[in-house]
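Student: Please choose one part of this predicted model and take me through it closely, side chain by side chain. I would like to follow how its packing and its charged contacts fit into the rest of the chain.

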Amino acid sequence: MAKQDNYTPQSRNANGSWQGRDARNNYRNEEASAADRKFSELQTSFKKEWITQGADEQLITIAESIGVFLARKGLTNSKIRSIYGEIKRIQMGEFEKEKPSFYLLRPKVAYAVGRDDKNDGLKLFKKVFDYFSINVTDQRTFQNFCNLLEAILAYHRANGGKD
């Protein structure tokens with residue numbers, strides 16, 4: 001008796017493309033586009049000097065724009081609580097001793113996005129986190145990074161970010 005193949009013609013949609021995993025991946029790509037568009041829009045205004053030298057007035061405007069987007073796109077405090085908690089823990093200590101913990105935050109943020117890959121707010125948070133964290137090299141730049149994240153999260157909360 002011949003082994004039966006699981007292929008069925010119904011597994012293709014009307015356009016002839018596969019349904020199932022490919023359709024889900026396309027859906028995820030469409031979902032990510034809102035975060036990608038927002039990041040591209042804002043990235044032209046980002047200054048690495050916010051980390052290397054400190055905040056300026058433009059940082060506040062950008063932080064507000066990011067915070068509003070995060071709140072509107074469903075980022076909850078509970079989604080980033082462990083990341084923010086680790087940042088505060090590192091901030092309490094000496095950065096040089098805590099560097100490995102800081103570097104491990106990037107994969108932790110990536111993991112959070114992987115667990116909720118439909119959350120555009122979380123995706124934008126990851127993009128911003130990754131963009132600015134690469135400029136953190138010492139206690140001063142880490143403090144500036146913390147200030148940036150705190151400004152973003154303050155506007156997130158002020159604009160309806162919930163637990």
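Tutor: Let us begin with a charge and a ring: K127 lies over the face of F39, at a distance of 5.8 Å from the ring centre. The part to look at closely is helix 7, which covers residues 120–133 and holds both F125 and F129. As this is a predicted model, local features are described only where pLDDT is at least 70.

For orientation, the protein chain has eight helices and zero strands, so that from the N terminus on its elements read α-α-α-α-α-α-α-α. Of its 163 residues, 38% are buried, and among contacts with a separation of 6 or more, 73% are between residues 24 or more positions apart. The chain exposes about 9,800 Å², and carbon and sulfur atoms supply 49% of that area.

Aromatic pairs number 14 in the structure, and one of them, between F125 and F129, has its ring centres 6.1 Å apart and its planes at 35 degrees. Because that angle is neither under 30 nor over 60 degrees, the pair is classed as tilted. As for the place of the two rings along the chain, F125 and F129 are four residues apart in helix 7, and therefore about one helical turn separates them. Both side chains are hidden: F125 has 4% relative accessibility and counts as buried, while F129 is buried as well, with a relative accessible area of 0%. The pair also belongs to a wider group, since F95, F102, Y103, F125, F129, F142 and F145 form one aromatic cluster.

What does F125 touch, leaving aside residues up to four places away in sequence? Its contacts are with L70, L75, I80, I83, V109, L149 and L153. In soluble globular proteins, nonpolar side chains tend to be buried together. In this model the largest nonpolar core has 40 residues, and those with the most contacts inside it are F46, I66, I87, F125, F129, F132 and F145. Two or more residues of this core come from each of helix 1 (21–43), helix 2 (49–52), helix 3 (57–72), helix 4, helix 5 (95–103), helix 6, helix 7 and helix 8 (139–158). Helix 8 supplies the largest share, with eight residues.

Helix 7 also takes part in a charged contact. The structure holds ten salt bridges, and in one of them the side chains of D130 and R106 meet at 3.3 Å, N to O. This pair links distant parts of the chain, for D130 is in helix 7 and R106 is in helix 6, 24 residues apart. Which of the two partners is buried, and which is partly exposed? D130 has a relative accessible area of 14% and is buried, whereas R106, with 36%, is partly exposed.

Salt bridges that share partners also join E86, R89 and E98 into one network. Within it, R89 and E86 form a salt bridge whose closest N and O atoms are 2.8 Å apart. These two residues are three apart in helix 4, so about one helical turn lies between them. R89 counts as partly exposed at 35% relative accessibility, but E86 counts as buried at 18%.

A further salt bridge reaches the loop between helix 6 and helix 7. K79 pairs there with D116, and the closest N and O atoms are 3.1 Å apart. Because K79 lies in helix 4 (residues 77–92) and D116 lies in that loop after helix 6 (105–115), the pair ties together parts that are 37 residues apart in sequence. K79 itself is partly exposed, with a relative accessible area of 33%.

For contrast with the buried rings, consider A55, which sits in the loop between helix 2 and helix 3 and is exposed, with a relative accessible area of 59%. The C-alpha atoms of A55 and N144 are separated by 7.2 Å, although the two residues are 89 apart along the chain.

To return to helix 7, then, its F125 and F129 form a tilted aromatic pair, both are among the residues with the most contacts inside the largest nonpolar core, and its D130 is linked to R106 of helix 6.

Notes. Residues numbered from 1 in each chain as written. Predicted model: local features only at pLDDT ≥ 70, side-chain atom pairs only at ≥ 80, totals over all residues. Heavy atoms only, no water. Phe/Tyr/Trp six-rings, centres within 6.5 Å; stacked < 30°, edge-to-face > 60°. Buried < 20%, exposed > 50% of the residue type's maximum accessible area, 1.4 Å probe, protein only. Lys NZ or Arg CZ within 6 Å of the ring centre and 35° of its normal. Salt bridge = Lys/Arg side-chain N within 4 Å of Asp/Glu carboxyl O. Core = buried A, V, L, I, M, F, W, Y, C linked by side-chain atoms within 4.5 Å. Contact = heavy atoms within 4.5 Å. Areas by Shrake-Rupley, 256 points an atom, 1.4 Å probe, with all protein chains shown as cover.
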